Amino acid sequence: MDELPAGNCGVLADDDVMLSHSSAVNRQTATFLLINWPAGKSKLRAVDHRDLELAVAQDHANATTNVVKNSAAALSPSED
């Protein structure tokens, strides 16, 4: 998967419902990103849901790491 510009993307998922005698099961059949490009353009791009989950987990880990670093710096001001 190529790198996309920073910003908010919408996620659209297409599901099928499989019915049996005792239950209903949802099965995800497709996942799409709605990418908002500069100049008001948008694009819908199909992605593998596992790749999306991995990217979100990596972004969350990076954000958590940055918060910890910034918080530590704020709590430990340099001595001049």
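**Exercise 1. Secondary structure and fold order**

How many helices and strands does the secondary structure of the chain come to? Determine also the pattern in which they follow one another along the sequence.

*Solution.* The model is a predicted one, in which local features need pLDDT of at least 70, side-chain atom pairs count only at pLDDT 80 or more, and totals for chains, interfaces and linings use all residues. Residues are numbered from 1 along each chain as its sequence is written, and side-chain values use heavy atoms, with hydrogens and water left out.

Step 1. Take helices as DSSP runs of H or I with at least four residues, and strands as DSSP runs of E with at least two, numbered from the N terminus.

Step 2. Under this rule the chain has 1 helix and 3 strands.

Step 3. Along the sequence these elements give the pattern β-β-β-α.

**Exercise 2. Assembly of the sheet**

Establish the order and sense of the strands, and explain why β1 and β3 stand at the edges.

*Solution.* Step 1. Two strands pair if DSSP finds at least two bridges between them.

Step 2. Strand β1 (residues 9–19) is joined to strand β2 (residues 24–36) by 11 bridges, and the two run antiparallel. Strands β2 and β3 are also paired in the antiparallel sense, over 6 bridges.

Step 3. The 3 strands therefore make an open sheet in the order β1-β2-β3, with antiparallel pairing. Because β1 and β3 (42–47) each have a single partner strand, one side of each is left without a neighbour in the sheet. From one strand to the next, the twist averages 30°, with axes being lines fitted to C-alpha atoms (for helices over the stretch in contact) and angles running from 0 to 180 degrees between N-to-C directions.

Step 4. Consider the connections. A hairpin of 4 residues links β1 to β2. The hairpin of β2 and β3 has 5 residues between the strands, and Ala39 there takes a positive phi near 70°.

**Exercise 3. Cross-strand partners**

Which residues in β2 do Cys9, Val11 and Leu19 stand opposite? Continue with the partners in β3.

*Solution.* Step 1. Between β1 and β2, Cys9 stands opposite Ile35, Val11 faces Leu33, and Leu19 is placed opposite Ala24.

Step 2. Between β2 and β3, Phe32 stands opposite Ala46, while Leu34 is opposite Leu44.

**Exercise 4. Two residues of β2 compared**

Is Thr31 buried or exposed? Carry out the assignment for Asn26 as well.

*Solution.* Step 1. Buried means under 20% relative accessible area, exposed over 50%, and partly exposed in between (1.4 Å probe, protein chains only).

Step 2. Thr31 lies in strand β2 and counts as buried because its relative accessibility is 6%. Asn26 is also found in strand β2, but Asn26 counts as exposed because its value is 56%.

Step 3. List the contacts (heavy atoms within 4.5 Å), leaving out residues up to four places away in sequence. Thr31 touches Val11, Leu12, Ala13, Arg45, Ala46, Val47, His49 and Leu52. Asn26 touches Asp16 and Val17. The C-alpha atoms of Asn26 and Asp15 are separated by 6.2 Å, although these residues are 11 residues apart along the chain.

**Exercise 5. Surface and burial of the chain**

What is the accessible surface of the chain? Evaluate burial and sequence separation too.

*Solution.* Step 1. Accessible areas come from the Shrake-Rupley method with a 1.4 Å probe; for residues, only the protein chains shown count as cover. The accessible surface of the chain is about 6,800 Å², and 55% of it belongs to carbon and sulfur atoms.

Step 2. Of the 80 residues of the chain, 8% count as buried.

Step 3. Among contacts with a separation of 6 or more, 20% are between residues 24 or more positions apart.

Technical notes: Contact = heavy atoms within 4.5 Å.
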